[in-house]
Amino acid sequence: MIRDQLLDAFGKAKRVFVFTGAGAIKESGLPTFRDLDGEWRKYDPMTFATMEGFVRDPVAVWNMYRMRQKQIAQAEPNPGHVTLSRFDHHYPDFLLTTQNVDDLHERAGSRRIVKIHGNAWEMRCLDTGEVFDVRDFDLPDEFTVNTLPRCPRCGTICRPNIVWFGEYVPQDLMMASMNAAATCDLMLVVGTSGEVSNGYGFAEYALANGAKIVEINPREGALTHYAHFWIPEPAGVALPRIWRLLTGEDISYQLSENES
Ligand code: APR
């Protein structure tokens, strides 16, 4: 039975690599990018997610990130996030590489995380490259050209610490992720269309190492053809069910109890 083979893959795994995308935050009320109600349907990515766009209109770009920060602050981790943090504590060798720039994985208790596209709560000095947490500063809710975030050391304008289109993921983060993919025996692909750089080739590395690949996504994407198991369901439903079948613990139950 497929389900038994799937649970067997989770049961036998020792080194687990998880790759997440915006689908993982959908059930927390945050938008993805390319779904029908996705961010890139509302905002032109060339204006809001490129250095050229930032230079043209830094106020508009910063206000989009300010709005995103408010959304993230109001959102809560969903059962998918909580399950992935259980996996982090369960498997001896584990890494979660996320394309998401929110902090819901961390707030759900995940520890071994690599954020390859940056962090929405951070700003970076355009001169020195030094990174600061925007929550350490008294920044306005809405920016104007005179109130744009500036480096507390040199006064240079700061940009959001996000990897934009046409930019490279920091090498150390890419190496850590490629290493984990190339040595894992189980890879989870959760909530990504795989549109960006074909998922950075992580699935190919995992396959080359003989790993089992499980994709969780209601829709087929660019990485589905690599998967041994494709679960066409929301992550917040499929992940807790797998965990319950593995351990008997019902995360979705727990979450509703906390909210009451
Ligand atoms: N559970 C799991 N997957 C879901 C869910 C859900 N509840 N809801 C939607 N999805 C899937 C969609 O089917 C889609 O395949 O999540 C995926 C989201 O894809 P994208 O919007 O393309 O987001 P992502 O893959 O993370 O984009 C990668 O592109 O725009 C850049 O830098 C940005 O990090 C982002 C990168």
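**Notebook: ligand site and cysteines**

I began with R34, where a polar side-chain atom lies 2.6 Å from an oxygen atom of the ligand. A note to self before going on: this is a predicted model.

Next I looked up the nitrogen side of the ligand. I found a ligand nitrogen atom 2.8 Å from an N or O atom in the side chain of E27. For A235 the partner is a polar backbone atom, and a nitrogen atom of the ligand is 2.9 Å from it. I then checked the cover: on its own the ligand has 730 Å² of accessible area, and the protein covers 94% of that.

Where does the ligand sit? I found it in the largest pocket. I listed 23 residues around the ligand, and those that come nearest are R34, W40, T192, S193 and N217. Sorting the shell by class gave me nine nonpolar, nine polar and five charged residues.

Then I turned to the cysteines. How many disulfides does a search of the whole structure find? My search came back with zero. I wanted to know why C151 has no such bond, so I looked for the closest cysteine sulfur, which is in C154, and at 3.6 Å it is too far from the sulfur of C151 for a bond. The cut-off I used for a disulfide is a pair of cysteine sulfur atoms within 2.5 Å. C154 is in no disulfide either, and I noted that its nearest cysteine sulfur, that of C125, is 3.6 Å away.

Last entry: are C151 and C154 buried or exposed? C151 counts as buried, at 4% relative accessibility. C154 is partly exposed, with a relative accessible area of 39%.

Note on methods. Residues are numbered from 1 along each chain as its sequence is written. This is a predicted model: local features need pLDDT of at least 70, side-chain atom pairs count only at pLDDT 80 or more; totals for chains, interfaces and linings use all residues. Side-chain values use heavy atoms; hydrogens and water are left out. A residue is near a molecule or strand if one of its heavy atoms lies within 4 Å of it. A polar contact is a pair of N or O atoms within 3.5 Å; within protein, one must be able to donate a hydrogen and the other to accept it, and residues adjacent in sequence count only if both atoms are side-chain atoms. Accessible areas come from the Shrake-Rupley method with a 1.4 Å probe; for residues, only the protein chains shown count as cover. On a 1 Å grid over the protein atoms alone, a cavity is a set of points where a 1.4 Å probe fits but cannot get out, and a pocket is an open set with protein on both sides within 12 Å along at least five of seven lines; lining residues have an atom within 4 Å of a point. A molecule sits in a cavity or pocket if more than half of its atoms lie within 2 Å of its grid points. Ala, Val, Leu, Ile, Met, Phe, Trp, Tyr, Cys and Pro count as nonpolar, Asp, Glu, Lys and Arg as charged, and the others, Gly among them, as polar. Buried means under 20% relative accessible area, exposed over 50%, partly exposed in between (1.4 Å probe, protein chains only).
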